[in-house]
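Trainee: I have just opened this one for the first time, and I would like to go through it with you. Could we look at it together?

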Amino acid sequence: MLKLENVSYLVSEKDNDKDILKNINLDFLKGKIYVITGPNGSGKSTLVKLIMGILSPTEGKIVFNDKDITNLKINERAGLGIAYAFQQPVTFKGLKVKDLLNIASNKENDFNTLCDYLSKVGLCAKGYINRPLDDKLSGGELKRIELAMVLARNALVNIFDEPEAGIDLWSFENLTKVFKELKSTTIIVSHQTKILEIADTVILLKEGKVEKIGSNSEVKPLLHLEMCGKLRGENG
Ligand SMILES: Nc1ncnc2c1ncn2[C@@H]1O[C@H](COP(=O)(O)OP(=O)(O)OP(=O)(O)O)[C@@H](O)[C@H]1O
Ligand SMILES: [Mg+2]
């Protein structure tokens with residue numbers, strides 16, 4: 001469904017070029033959950049930015065449903081159904097939670113539908129549906145509203161870069177539940193064991209290359225090796 005063919009991303013630094021990502025080949029299948037993991041600086045965020053269109057590969061091709069999207073802009077990719085999940089919700093004056101959810105799903109939803117989105121992220125619809133989107137909402141509430149937006153948007157591909165950042169345990173557990181409920185192809189950058197466990201496929205990146213790709217149980221032993229190396233002071 002979504003393919004990366006020989007994708008590289010190089011940056012020029014003073015005298016030499018630096019490979020941030022080198023010859024990446026990946027095939028993301030419809031409706032599956034992919035978790036991208038690996039050490040800091042291994043290229044995870046760069047990889048998802050290439051998929052989103054925030055960055056362009058210096059080599060290689062990105063193909064979505066047989067269409068070459070390598071040169072498409074972020075909004076054009078969004079139009080095809082590729083969504084970056086946690087963008088800060090727009091918070092302009094007078095906009096309410098229900099408006100945001102209606103914008104996300106591109107239609108006027110009835111109360112029950114809105115209620116369903118909000119209850120799935122643990123918010124009581126009565127209390128939130130007409131809440132204005134302003135700075136009175138807590139960070140955690142905002143995060144949950146973002147997650148409700150993801151549900152309402154119903155994109156074909158949802159991309160999350162470290163979605164667990166800054167959320168409490170309750171939200172974290174719900175996050176994994178919501179991921180499982182999404183019908184989309186879901187690509188998550190994460191280090192969290194609980195998120196790795198829900199992956200159909202784990203992609204381990206190391207120094208800009210795919211070190212290993214497989215089920216969580218196949219990749220897990222390598223993650224431990226990575227950690228042990230770190231503790232012994234290897235790999236920096
Ligand atoms: N424009 C750039 N110029 C130079 N180096 C860059 C550029 N963009 C990214 N890098 C470097 O490329 C490497 C990969 O960055 P990236 O943000 O993709 O890592 P990451 O795997 O997401 O790391 P983390 O786990 O810390 O979020 C890092 O060493 C980063 O400093
Ligand atoms: Mg990152």
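Mentor: We can take the sheet, then the helix, and then the surroundings of the ligand, keeping in mind that this is a predicted model.

Trainee: What is the order of the strands in the sheet?

Mentor: The sheet is open and has four strands, in the order E2-E1-E4-E5, and their pairing is antiparallel. Strand E2, residues 16-28, and strand E5, residues 67-68, stand at the edges with a single partner strand each, so one side of each is left without a neighbour in the sheet.

Trainee: How many bridges join E1 to E2?

Mentor: Nine bridges join E2 to strand E1, which covers residues 2-13, and one of the pairs is Leu10 with its bridge partner Asp19 in E2. The two strands form a hairpin with two residues between them, and Lys14 in the turn has a positive phi of about 40°.

Trainee: And how many bridges are there between E1 and E4?

Mentor: E1 pairs with E4 over five bridges, in the antiparallel sense, and here Ser8 has Glu59 in E4 as its bridge partner.

Trainee: Changing topic, which strands does helix H1 lie across?

Mentor: Helix H1, residues 44-52, lies across E1, E2 and strand E4, and runs at about 65° to E2.

Trainee: Which element gives the most to the shell around ligand 1?

Mentor: H1 does, with three residues, and the residues around the ligand include Val11, Ile20, Asn40 and Lys44.

Trainee: How do the shell residues divide into nonpolar, polar and charged?

Mentor: Two are nonpolar, seven are polar and one is charged.

Technical notes. Residues numbered from 1 in each chain as written. Chains lettered and ligands numbered in written order. Predicted model: local features only at pLDDT ≥ 70, side-chain atom pairs only at ≥ 80, totals over all residues. Pairing = 2+ DSSP bridges. Contact = placed C-beta atoms within 7 Å. Axes fitted to C-alpha atoms, helices over the stretch in contact; angles between N-to-C directions. Near = placed C-beta within 6 Å. Nonpolar A, V, L, I, M, F, W, Y, C, P; charged D, E, K, R; others polar.
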